[in-house]
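Colleague: Could you take me through this model before I go back to the bench?
Modeller: Gladly, have a look at it here.

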Amino acid sequence: MNRFSSAFIATVLLSAGAAHAQWGRPSEQAQNRQEVRQDKGELRDDKRDVAELEDTLARFDRAWSRKDEREMSMVEAKLRELLRQEFAESRGELRDDKREVRRSSNEERRGDWGRPGMDDRRDRRDDQRDAAVEAATLKTRAAIARELHHVMGSRNSWDLQRQRNLIAQLVQVARDEVRQTKQELHEDRHEKREDRRDNRRRN
């Protein structure tokens with residue numbers, strides 16, 4: 001066999017392997033597994049955030065009822081720390097959601113033989129919705145943080161009540177985020193099952 005023939009056969013075999021990999025979408029399967037692991041980590045973080053905010057609200061109530069200035073100052077410091085952490089987490093989750101939107105959009109354009117399936121279109125819509133919800137959550141937290149900045153440190157009844165209401169809103173936002181992350185985890189697990197089923201059909 002001459003050198004040209006060997007090179008030609010090697011090229012054909014490599015091309016065939018690449019085509020099989022594209023149709024089987026192993027990279028997509030690996031990405032979906034990674035997203036499931038990522039969702040589980042985010043869910044743990046979200047549940048921790050709820051617990052910490054609920055504890056902060058309880059401490060706020062105790063400090064207010066006892067007129068404990070030292071404890072109230074510690075609660076406000078803790079609240080600032082939690083807000084910094086949640087902003088960082090929200091921005092990271094929004095970046096992840098936007099990346100998933102780009103990936104699902106590419107999958108929809110690619111499709112099988114140029115025809116995107118219903119699953120691809122649904123995945124893109126789900127990912128776009130997740131990114132929109134995360135962006136809205138980040139915007140809501142920013143608005144609450146701005147209001148908190150104006151009332152923290154004040155000890156008149158109106159400002160204390162406003163601060164308590166804002167902390168309660170943060171608790172609700174965190175609880176909503178737990179529900180949203182559970183939904184994303186459910187969707188990514190569904191995509192993972194679909195990939196396994198599609199791979200069995202191709203094989």
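Modeller: What follows covers confidence, an aromatic pair and a serine in a loop.

Colleague: What should I know about how it was made and read?
Modeller: This is a predicted model, in which local features need pLDDT of at least 70, side-chain atom pairs count only at pLDDT 80 or more, and totals for chains, interfaces and linings use all residues. Residues are numbered from 1 along each chain as its sequence is written, and side-chain values use heavy atoms, with hydrogens and water left out.

Colleague: Which helix has the lowest mean pLDDT, and which the highest?
Modeller: Helix 1 (residues 3–24) has the lowest among the elements of the chain, at 47, and helix 2 the highest, at 86; pLDDT is the predictor's confidence in each residue, from 0 to 100, and helices are DSSP runs of H or I with at least four residues, numbered from the N terminus.

Colleague: Where does pLDDT stay under 50?
Modeller: Over residues 12–24. Where pLDDT is low, the predicted coordinates should not be read in detail.

Colleague: New topic: how many aromatic pairs are there?
Modeller: The search of the whole structure finds one. The rings of Phe 60 and Trp 64 have centres 5.9 Å apart and planes at 70 degrees, so the pair is edge-to-face (centres within 6.5 Å, planes over 60 degrees apart).

Colleague: Is Phe 60 buried or exposed?
Modeller: Phe 60 is buried, at 0% relative accessibility, whereas Trp 64, at 25%, is partly exposed (buried is under 20% relative accessible area, exposed over 50%, partly exposed in between, with a 1.4 Å probe and protein chains only).

Colleague: And where is Ser 154?
Modeller: Ser 154 is in the loop between helix 4 (118–151) and helix 5 (157–202), and counts as buried at 16% relative accessibility.

Note on methods
Phe/Tyr/Trp six-rings, centres within 6.5 Å; stacked < 30°, edge-to-face > 60°. Helix = DSSP H or I, 4+ residues; strand = E, 2+ residues; numbered from the N terminus. Contact = heavy atoms within 4.5 Å.
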